[in-house]
Amino acid sequence: MARLDGKVAVITGAASGFGAGMAKRFAEEGAKVIVADLNAKGAARIADEIGEAALPVTADVSMKADVEAMVEAAMQAHGRLDIMVNNAGFTHRNGDLLEVDEETFDLITAVNMKAIYHSTLAVVPIMEKQGGGSIITTASTAGLRPRPGLTWYNASKGWAITATKSMAVELAPKNIRVNCLCPVAGETGMLGQFMGEDTPEKRAQFRASIPLGRLSTPLDIANAALWLASGEAEFITGVALEVDGGRCI
């Protein structure tokens with residue numbers, strides 16, 4: 001029996017990178033997946049690759065109405081929602097904290113922080129009626145071991161980790177588990193932003209800071225998310241799971 005048989009998962013930022021990896025992996029393990037992303041074409045492409053188990057939904061997670069519509073799409077299609085993955089994220093380019101403009105700062109907080117608030121309001125009542133559920137957020141090693149150059153992004157991921165832990169305690173009586181993933185930077189569209197520039201030299205420098213000697217992959221993150229979402233982790237809540245090749249040590 002697959003680990004997510006009979007489960008319905010909503011995954012944001014699922015048109016590429018870590019989110020696409022999660023959507024594919026969850027579907028392989030029996031889940032029905034809502035592939036949610038602001039990039040409608042990308043979401044449709046990933047859903048097509050997955051097949052009948054996937055439904056693409058266009059959603060701007062910074063907008064409450066979009067998040068509510070995304071959750072309603074899951075309920076209309078499947079009548080339940082078991083797993084909510086807050087994966088969509090945004091960052092500023094690595095550089096001086098004084099040079100990040102207010103518009104970029106506001107977008108970081110809207111996507112990395114406020115979106116978690118929106119999704120929580122939308123899914124918790126549903127999960128409570130069903131007798132439980134799992135909420136997973138993609139945080140970052142940046143929230144645990146911040147380094148210069150990404151200060152405002154780091155701060156947003158620290159917020160996500162704290163929110164995860166507080167939510168886990170408050171929602172435990174409802175049998176809703178809340179955890180987050182802390183990946184090291186990987187092969188995604190935001191890698192160049194994290195490093196400041198995407199060059200062989202920068203990649204080599206970054207890999208040298210990871211004890212296991214490589215960047216993360218979407219499959220690394222998807223496997224960790226799969227475990228947290230599965231019954232194998234039924235006693236795990238409030239955890240910020242480092243998926244980082246040892247970088248945070």
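**Glycine 238, the sheet and its cores**

Reader: Leaving aside its neighbours within four places in sequence, which residues is G238 in contact with?
Author: This is a predicted model, in which local features need pLDDT of at least 70 and side-chain atom pairs count only at pLDDT 80 or more, while totals for chains, interfaces and linings use all residues. Residues are numbered from 1 along each chain as its sequence is written, and side-chain values use heavy atoms, with hydrogens and water left out. With contact taken as heavy atoms within 4.5 Å, the partners of G238 beyond that sequence window are K165, A168, V178 and N179.

Reader: Where is the place of G238, and is the residue buried or exposed?
Author: Helices (H or I, at least four residues) and strands (E, at least two) are DSSP runs, numbered from the N terminus, and G238 falls in the loop between α8 (218-229) and β7. Buried means under 20% relative accessible area, exposed over 50% and partly exposed in between, with a 1.4 Å probe and protein chains only. Because its relative accessible area is 14%, G238 counts as buried.

Reader: What is the order of the strands in the open sheet?
Author: Two strands pair if DSSP finds at least two bridges between them, and the pairing in this sheet of 7 strands is parallel. The strands β3 (54-58) and β7 (240-243) stand at the edges with a single partner each, so one side of each has no neighbour in the sheet. Read across, the order is β3-β2-β1-β4-β5-β6-β7.

Reader: How many bridges join β5 and β6?
Author: These two strands pair in the parallel sense, and one of the paired positions is T137, whose bridge partner in β6 is C180. On β6 both faces are covered, with I176, V178, C180 and C182 buried on one side and R177, N179, L181 and P183 buried on the other. The number of bridges between β5 and β6 is 6.

Reader: At about what angle does α4 run to β4?
Author: Axes are lines fitted to C-alpha atoms, for helices over the stretch in contact, and angles run from 0 to 180 degrees between N-to-C directions. Helix α4 lies across β4 (83-86), β5 (133-138) and β6 (176-183), whereas α5 lies across β5, β6 and β7 and runs at about 160° to β6. For α4 and β4 the angle is about 175°.

Reader: Which residues have the most contacts inside the largest nonpolar core?
Author: A nonpolar core is a set of buried Ala, Val, Leu, Ile, Met, Phe, Trp, Tyr and Cys residues joined through side-chain atoms within 4.5 Å, and the largest one has 36 residues. The elements giving two or more residues to this core are β1, β2, α3 (64-78), α4, α5 and β6, and its largest share, 8 residues, comes from α4. The residues with the most contacts inside the core are M70, L81, V123 and I135.

Reader: What is the geometry of the pair formed by the rings of F105 and W152?
Author: Rings of Phe, Tyr and Trp (its six-membered ring) pair if their centres lie within 6.5 Å, and planes under 30 degrees apart count as stacked, over 60 as edge-to-face and the rest as tilted. F105 lies in helix α4 (residues 102-130) and W152 in helix α5 (residues 151-171), so the pair ties together parts that are 47 residues apart in sequence. The ring centres are 5.7 Å apart and the planes stand at 85°, so the pair is edge-to-face.
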